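Here is a friendly walk through one protein chain, written for someone who likes to check geometry by eye. Keep the viewer open as you read.

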Amino acid sequence: MEFILLHIIVLITFFIVLIKPKGFKRKLMWFAIWFFAFFGDIFITNVVFYYNANKYATNTYLETFKGNSLYIGEYKVNLMDKERYKISEYYIGGWIGSILPDFYMLSLLDNKIKYIEYKEISDHPINNGKYFRFYSSNEDDKNCMVSKDLEYKLLFTLEYDRSDGTKGFVEYEEFLELYNKYYKKYLAGNSNVFWEDYLRKNMFHEKIPTEIKDLIKYLIQKHNMPEVRIRYLIIDMMEAYRKKSVKIEEFYKGKCIARVEIDKNELSRYEYVKCTNSDYEYICDYPDIKDKLWTKFEYFAYIKDRINNKKIAQSILAYKTGTPFSLYAIIFDKTSPFQRAAGVELCNKNISVRGGEECNDIFIDNFINNNEMKNK
């Protein structure tokens, strides 16, 4: 609380000092001096940093992509909680720690690239240490690992605590049946149906539709579901299904992502190396760029030709450094009890890489489509 009050006092003081000078010109000059003293580094350091980042933080492509596959290296695989899901062992496709984030999946589904390959490192007794290849296929492929049906099941198989304290499940097939039978017509064209407020107050309010009351009775009688979970299921999850189902259908386009095991000698000649590994350790060398004022550089990622052991593309990251020199920044830095937020990081001139997804996607997309080479 004390540090918040101190910041407020500093800001109030900043504006109070404007009372002292007489005349418009003196007030304007006094304002400029105090504004610079309090907030000057916001402008100076940012201008210098963005200039350096725009000049040196770039994606560079030395050769064109002449293959149809990309090896993305070792992946530490987090296995799903089998008791929770009973559906899939893997986080694949848009999940935290996923082998294949959505960008890679879309690249396969849109035929931008034919194969994505990886080496699995996990507790899986059979697959640990083996090499696998992902590819786009029809939904009936026996090797499908990621599909719209699997995503539906993962998202809409619901676990809950029964009123007696035991665990219960509403499997996706049952969820969909209940959605179509009781709920679907009330969602047509509505993002927030009128009776939801009544449901929050009284589950059997007279203004709640009969079909919804029947759904509530069903969930209580069959699943012994407590009221708070019923409201969550009806209001949140069924509305989420309506919105998510449209995106899922558009995303997969009637296809799936299949997987087969391959030998090491079948791997792509092109290997993508991200310079921060899964343990957040920086594993690359540093670019041959001297540190600039308030700016440091490191590789975000690179692509190498495995056959010739030669780097053929690289992405350089710039991140802001230096100690703030304005009065307000110094006071904030010294009095704030929490750790300050991570500094600004940019790659490819002006792309923010907090989390790195956008930089990663553009770097690889430009490589596999030879965009940078075409524009030279």
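## The chain as a whole

Of the 376 residues in this chain, 42% count as buried. Please keep in mind that the model is predicted. The chain contains 12 helices and 13 strands. Among its contacts with a separation of 6 or more, 66% join residues 24 or more positions apart. About 21400 Å² of the chain is exposed, and carbon and sulfur atoms supply 53% of that area.

## Helix α6 and its two faces

Let us begin with helix α6, which spans residues 172-183. Which residues of α6 are buried? They are Tyr172, Glu174, Phe175, Leu178, Tyr179, Tyr182 and Tyr183. These residues lie on the same side of α6 because they cover an arc of only 155° around the axis. Glu177 and Lys181 are exposed, and they sit on the face of α6 turned away from the buried side.

What covers the buried residues of α6? The cover includes the helices α5, α7 (196-201), α8 (210-223) and α9 (227-252), together with the strands β6 (158-161) and β7 (167-170).

## Two buried glutamates

Two of these covering helices hold a glutamate that is worth a look if you care about charges. Glutamate 151 is found in helix α5, which runs over residues 148-156, and glutamate 196 is found in helix α7. The table sets them side by side.

| Buried residue without a salt bridge | Nearest side chain of opposite charge | Distance |
|---|---|---|
| Glutamate 151 | Lysine 244 | 4.1 Å |
| Glutamate 196 | Arginine 200 | 4.2 Å |

Why does glutamate 151 have no salt bridge to lysine 244? A salt bridge needs a side-chain nitrogen of Lys or Arg within 4 Å of a carboxyl oxygen, and the nearest side chain of opposite charge, lysine 244, is 4.1 Å away. For glutamate 196, the nearest such side chain is that of arginine 200, at 4.2 Å.

The surroundings can be read from the contacts. Not counting residues up to four places away in sequence, glutamate 151 touches Lys244, Ile248 and Tyr252. With neighbours within four places left aside, glutamate 196 is in contact with Tyr183 and Ile235. Tyr183 has already appeared above, as one of the buried residues of α6.

## From helix α4 into strand β3

Helix α4, residues 102-109, is mostly covered, with six of its eight residues buried. Those residues are Phe103, Tyr104, Met105, Ser107, Leu108 and Leu109. Asparagine 111 follows α4 and lies in the loop between α4 and β3. Its phi is near 60°, a positive value in a residue other than glycine. Asparagine 111 counts as exposed because its relative accessibility is 58%.

Strand β3, residues 115-121, is mostly covered too: six of its seven residues are buried. How does β3 pair with strand β2, parallel or antiparallel? Strand β2 (residues 69-76) and β3 pair in the parallel sense, over six bridges. Within that pairing, lysine 119 in β3 is the bridge partner of glutamate 74. With strand β4 (residues 131-138), β3 pairs in the antiparallel sense over four bridges. Here isoleucine 116 stands opposite phenylalanine 134 in β4.

## Another asparagine with positive phi

Most residues other than glycine have a negative phi, and most peptide bonds are trans. Asparagine 224 has a positive phi of about 50° although it is not a glycine. Where does asparagine 224 lie? Its place is the loop between α8 and α9. At 31% relative accessibility, asparagine 224 counts as partly exposed, whereas asparagine 111, at 58%, counts as exposed.

## A buried alanine in β11

The last stop is alanine 313, in strand β11 (residues 310-320). Alanine 313 is buried, with a relative accessible area of 1%. Leaving aside neighbours within four places in sequence, alanine 313 is in contact with Thr60, Tyr61, Tyr302, Ile303, Phe363 and Phe367. If you would like a distance to check in your viewer, try the C-alpha atoms of alanine 313 and threonine 64: they are separated by 9.2 Å, with the two residues 249 apart along the chain.

Note on methods. Residues numbered from 1 in each chain as written. Predicted model: local features only at pLDDT ≥ 70, side-chain atom pairs only at ≥ 80, totals over all residues. Heavy atoms only, no water. Helix = DSSP H or I, 4+ residues; strand = E, 2+ residues; numbered from the N terminus. Buried < 20%, exposed > 50% of the residue type's maximum accessible area, 1.4 Å probe, protein only. Lys, Arg positive; Asp, Glu negative; His and termini not counted. Contact = heavy atoms within 4.5 Å. Arc of directions from axis to C-beta. Areas by Shrake-Rupley, 256 points an atom, 1.4 Å probe, with all protein chains shown as cover. Pairing = 2+ DSSP bridges.
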